[in-house]
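Student: Could we go through a few residues of this model together? I would like to start with the local surroundings and then turn to the cysteines.

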Amino acid sequence: MIKLLVTFFSIFMVNSALAGTVNVSDEDAKFLINKFYSTYVLVEYEGNHISLDRVSAPNWGTPKFINKLKKDYDYDCEDNDCYGVYALRTGAQDGEGASGITNITPRSNGWYRVNYRDMGWKGVTDVKVVGINRIPKLDDYKFVSSNVK
């Protein structure tokens with residue numbers, strides 16, 4: 001009986017490992033980054049916009065990514081599920097010009113360099129993408145630079 005349990009547990013662990021983190025194609029990673037930035041990060045705040053919330057956040061990122069966004073939220077948060085998606089942009093308050101991604105360049109170990117315009121300001125943020133159960137997820141980010149127009 002013990003051998004049967006050990007065998008079952010071993011098979012379960014191998015399957016769990018295979019279902020865990022996997023490499024993501026550059027095409028899938030770029031699609032995820034573009035979609036996340038255009039939906040939540042580089043959006044115009046006039047009128048209605050979509051906010052990242054506790055229901056949608058796990059569809060986009062790993063728990064590590066989500067917790068980092070929570071820590072980067074700088075304001076009062078009533079329900080403990082507020083996300084500082086602005087940490088993925090330049091921090092510019094005002095600017096003239098359009099916002100959007102201008103280039104995404106693969107780096108190493110799942111990292112991608114995201115070049116973008118934020119209300120006309122140039123910005124660069126590195127974003128890490130991993131595959132969880134074969135689904136691309138944002139896993140980490142670090143702001144690189146912001147340049148004058």
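Tutor: The following exchange concerns selected residues of this predicted model.

Student: Where is aspartate 140 found?

Tutor: Aspartate 140 lies in strand β5, which covers residues 135–147.

Student: Is aspartate 140 buried or exposed?

Tutor: Aspartate 140 counts as buried, because its relative accessibility is 12% and the cut-off for buried is under 20%.

Student: Which side chain makes a polar contact with the side chain of aspartate 140?

Tutor: That partner is the side chain of lysine 68, at 2.8 Å. Lysine 68 also appears among the contacts of aspartate 140 beyond four places in sequence, together with Lys64, Phe65, Trp111, Asp126, Val127 and Lys128.

Student: Changing topic, where is threonine 62?

Tutor: Threonine 62 sits in the loop between α3 (57–60) and α4 (63–71). Its relative accessible area is 8%, so threonine 62 is buried.

Student: What does threonine 62 touch, not counting residues up to four places away in sequence?

Tutor: Threonine 62 touches Val130, Ile132, Lys137, Leu138 and Asp139.

Student: On to the cysteines: how many disulfides are there?

Tutor: The count is one disulfide. Cysteine 77 and cysteine 82 form it, with their sulfur atoms 2.1 Å apart.

Student: What is the handedness of the link of cysteine 77 and cysteine 82?

Tutor: That link is right-handed, with 85° about the S-S bond.

Student: Why does cysteine 77 count as partly exposed, and is cysteine 82 buried or exposed?

Tutor: Cysteine 77 counts as partly exposed because its relative accessibility is 28%. Cysteine 82 has a relative accessible area of 18%, so cysteine 82 is buried.

Technical notes: Residues are numbered from 1 along each chain as its sequence is written. This is a predicted model: local features need pLDDT of at least 70, side-chain atom pairs count only at pLDDT 80 or more; totals for chains, interfaces and linings use all residues. Side-chain values use heavy atoms; hydrogens and water are left out. Helices (H or I, at least four residues) and strands (E, at least two) are DSSP runs, numbered from the N terminus. Buried means under 20% relative accessible area, exposed over 50%, partly exposed in between (1.4 Å probe, protein chains only). A polar contact is a pair of N or O atoms within 3.5 Å; within protein, one must be able to donate a hydrogen and the other to accept it, and residues adjacent in sequence count only if both atoms are side-chain atoms. Contact means heavy atoms within 4.5 Å. A disulfide is a pair of cysteine sulfur atoms within 2.5 Å.
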